[in-house]
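New to this one? Take a look at the sequence and the model below, and then let's walk through them together.

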Amino acid sequence: MPPAIIAVCNFKGGAGKSTVAVNLACALHRATGEGCVLVDADRQATAATWAKAGRLPVKTVARILHEAKPEERYPGMLWVTHIKSLATSNPIVVIDLPPGLQYSMAAVTTVSDLIVIPVNPSGIDFHSTAGFIALIQKSRELRRSVRPACVIVPNRLDRRTTIAQKLSMYEQFGEPIAPAIGMRTAFAYAFDHGQWVGDYAPGSTAHREIETLARLVLDGTTNTSGAS
Ligand SMILES: Nc1ncnc2c1ncn2[C@@H]1O[C@H](COP(=O)(O)OP(=O)(O)OP(=O)(O)O)[C@@H](O)[C@H]1O
Ligand SMILES: [Mg+2]
């Protein structure tokens, strides 16, 4: 069974969450015969803006996840209900999360089957990702489950630098690492055109990289480690 609820998330801003979420949702939609919905949970509305021209193949809805108050016992509970409800009528739900959530993060780890974590392989991203992965592992203990599964997706990789050296630090988490997504202008242009890379630049490297990630997600083989 492919994961039904996929959150694209990291504490860190600008790691490529929206870019990965929109393109992954579209790739999954095409690969599964139109069974995916994209949820914009970020009030910055990047995914919703991407979808505005009506040129994405996926249905896109806004379900904003706000930061909870520290004293809230079940943070983001209403939001969790909305997401579960979407999952009853759509086989796959892909969620683009905002950066910087703290207390509401419990809602994300509670509802997700799989958390896709885009990272820019650098020391700065590494530290915030370490905290996020600790939270995911804690959530598995609380849920007494192997879920949420997670996969680290090295994104915006500049291949002039030593990939192996940059990625090796992520291996210590013991979590799956997907083949890397490179620094590709096609992603930025695809946003400008309101399209996903599969329609904007079919057959491009960017398209192939997203398809590889989608296949990994569908096969449940998110433990394919290393950069391509
Ligand atoms: N693989 C890539 N190649 C080239 N540019 C990229 C890539 N991934 C993301 N970008 C660019 O990096 C910037 C940030 O990407 P994006 O908005 O997807 O990040 P984010 O994590 O969603 O940010 P935020 O935390 O603000 O929500 C954008 O300008 C986007 O076009
Ligand atoms: Mg974003």
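What follows is a short tour, from the core out to the helices, the ligand and a few unusual backbone spots.

First, some housekeeping: this is a predicted model, in which local features need pLDDT of at least 70 and side-chain atom pairs count only at pLDDT 80 or more, while totals for chains, interfaces and linings use all residues. Residues are numbered from 1 along each chain as its sequence is written, and chains are lettered from A and ligands numbered from 1 in the order in which they are written.

Let's begin with the core. In soluble globular proteins, nonpolar side chains tend to be buried together. Here the largest nonpolar core has 67 residues. (Such a core is a set of buried Ala, Val, Leu, Ile, Met, Phe, Trp, Tyr and Cys residues joined through C-beta atoms within 7 Å; buried means 20 or more other C-beta atoms within 10 Å of a residue's own, exposed means 12 or fewer, and partly exposed is in between, with C-beta atoms placed from the backbone.) Ile6, Val8, Leu24 and Val94 have the most contacts inside this core, and helix α1 gives the most to the core, with eight residues. Helices (H or I, at least four residues) and strands (E, at least two) are DSSP runs, numbered from the N terminus. Leaving out residues up to four places away in sequence, Val8 touches, among others, Lys17, Leu24, Val94 and Val116, where a contact means C-beta atoms, placed from the backbone, within 7 Å.

Now find helix α9, residues 205–219. Its 15 residues should span 21 Å at 1.5 Å a residue, and the end C-alpha atoms are indeed 21 Å apart; the expected span is 1.5 Å times one less than the number of residues. Which residues of α9 are buried? They are Ala206, His207, Glu209, Ile210, Leu213, Ala214 and Val217. Seen down the axis of α9, these buried residues fall within an arc of 165 degrees, so they line one face of the helix; the arc is that of the directions from the helix axis to the C-beta atoms. They pack against several elements, including β1 (5–8), α1 (17–31) and β5 (114–119). Just after α9, Gly220 takes a positive phi of about 70 degrees.

Helix α5 also agrees with its expected span: 21 residues should cover 30 Å, and the end C-alpha atoms are 30 Å apart. Its buried residues are Asp125, Thr129, Phe132, Ile133, Ile136 and Ser139, with α4 (105–111), β5 and β6 included in what covers them. Ala130, also in α5, counts as partly exposed because it has 15 C-beta neighbours inside 10 Å.

Next, the ligand. 20 residues surround ligand 1, the closest being Gly13, Lys17, Ser18, Thr19 and Pro99; to be near, a residue's C-beta atom, placed from the backbone, must lie within 6 Å. Helices α1 and α7 are the elements that give two or more residues to this shell.

Finally, a few backbone oddities. In the loop between α5 and β6 sits Pro148, and the peptide bond from Arg147 to Pro148 is cis, with omega near 5 degrees. Ala45 has a positive phi of about 60 degrees although it is not a glycine, and lies in the loop between β2 (36–40) and α2 (46–51).

Technical notes: Two residues are in contact if their C-beta atoms, placed from the backbone, lie within 7 Å.
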